[in-house]
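Please open the model in your viewer and keep the sequence panel beside it, since this tour moves from the whole chain to the ligand and then to a single residue.

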Amino acid sequence: MDQDTPEEVLAEFKERRLGAWGLLQVTAGTGLAVYAMWAGVLMPGFRRVPLKLQVPYLPASRTQVRNVMALLKGRSGGIADLGSGDGRIVLEAYRKGFSPAVGYELNPWLVRLAHFHAWRAGHYGKVSYLQKDLWKVSLADCRNVTVFLAPSVLPLLQKKLLAELPEDAIVVAGRFPFPDWTPCKIEGEGVDRAWAYHIHAQRQADGPRELTEAGHVS
Ligand SMILES: C[S@@+](CC[C@H](N)C(=O)[O-])C[C@H]1O[C@@H](n2cnc3c(N)ncnc32)[C@H](O)[C@@H]1O
């Protein structure tokens with residue numbers, strides 16, 4: 001009798017079971033699982049944020065965090081990380097003496113994770129992770145700001161930062177630089193690189209500005 005090898009049996013099984021219909025089901029199932037992961041875990045809380053402003057979660061590498069902190073050396077006071085993810089930048093900034101250290105993050109899972117990391121590090125209650133849309137918070141009191149966001153949103157963020165930050169503020173961008181600004185210092189290489197910007201210098205380069213009634217720069 002002509003006996004099939006196990007490989008042949010498996011190939012035949014796959015061929016029979018996974019016809020065009022099967023393939024379609026597997027593809028649809030995978031797509032649905034990826035979408036569920038995207039909508040339920042990575043992007044919840046983003047329903048009211050326009051699609052072009054939605055930035056997915058990607059944690060900063062250890063080297064990136066180190067580069068960001070190196071650029072903040074000599075600075076003091078409060079710090080805000082816009083889109084704080086699992087809270088690693090805020091936590092490290094607090095360890096380096098920045099206080100209040102605040103992270104704004106829309107994804108509630110990441111806010112919880114950040115609280116957990118703070119608790120594990122023994123700093124629970126000393127750092128703040130707020131589930132807020134970074135586009136809606138006032139940055140008028142932030143002297144130190146860190147961001148690691150997609151290049152597509154940086155032109156709009158430049159405008160918000162220029163309009164709201166105090167004159168002596170510094171902004172440190174990780175991985176992606178601001179498109180129209182000139183950094184005062186750069187640290188690191190490749191994907192871990194970070195750029196520091198003095199708001200005062202960007203405003204000067206941007207031309208004369210007027211104060212609004214609220215005392216902000218227009
Ligand atoms: C590339 S991750 C960076 C996370 C963290 N800052 C770090 O360096 O590890 C960008 C984060 O910004 C958050 N985010 C995007 N848009 C936001 C918004 N409008 N308001 C608050 N958080 C936002 C995302 O959920 C994501 O966690």
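In what order do the elements of the chain run from the N terminus on? Colour this predicted model by secondary structure and follow the chain from its N terminus, and you will pass through the elements in the order α-α-α-β-α-β-α-β-β-α-β-β-β-α, which come to 7 helices and 7 strands.

Next, select the whole chain, which has 218 residues, of which buried residues make up 29%. If you display contacts between residues with a separation of 6 or more, 63% of them are accounted for by residues 24 or more positions apart.

Now select the ligand together with the 23 residues around it, among which Y57, A60, G83, G85 and L134 come nearest. Colouring this shell by class will show 14 nonpolar residues, alongside 5 polar and 4 charged ones.

Finally, select G45, which you will find in the loop between α2, residues 20-42, and α3, residues 62-71. Is G45 buried or exposed? The residue is partly exposed, because 16 other C-beta atoms lie within 10 Å, whereas 20 or more would be needed for a residue to count as buried and 12 or fewer for exposed. Leaving aside residues up to four places away in sequence, G45 touches L106, N107, P108 and Q131, so add these four to your selection. To end, draw a distance from the C-alpha of G45 to the C-alpha of D133: these two residues are 88 residues apart in sequence, yet 8.9 Å apart in space.

How values were computed:
Residues are numbered from 1 along each chain as its sequence is written. This is a predicted model: local features need pLDDT of at least 70, side-chain atom pairs count only at pLDDT 80 or more; totals for chains, interfaces and linings use all residues. A residue is near a molecule or strand if its C-beta atom, placed from the backbone, lies within 6 Å of it. Ala, Val, Leu, Ile, Met, Phe, Trp, Tyr, Cys and Pro count as nonpolar, Asp, Glu, Lys and Arg as charged, and the others, Gly among them, as polar. Helices (H or I, at least four residues) and strands (E, at least two) are DSSP runs, numbered from the N terminus. Two residues are in contact if their C-beta atoms, placed from the backbone, lie within 7 Å.
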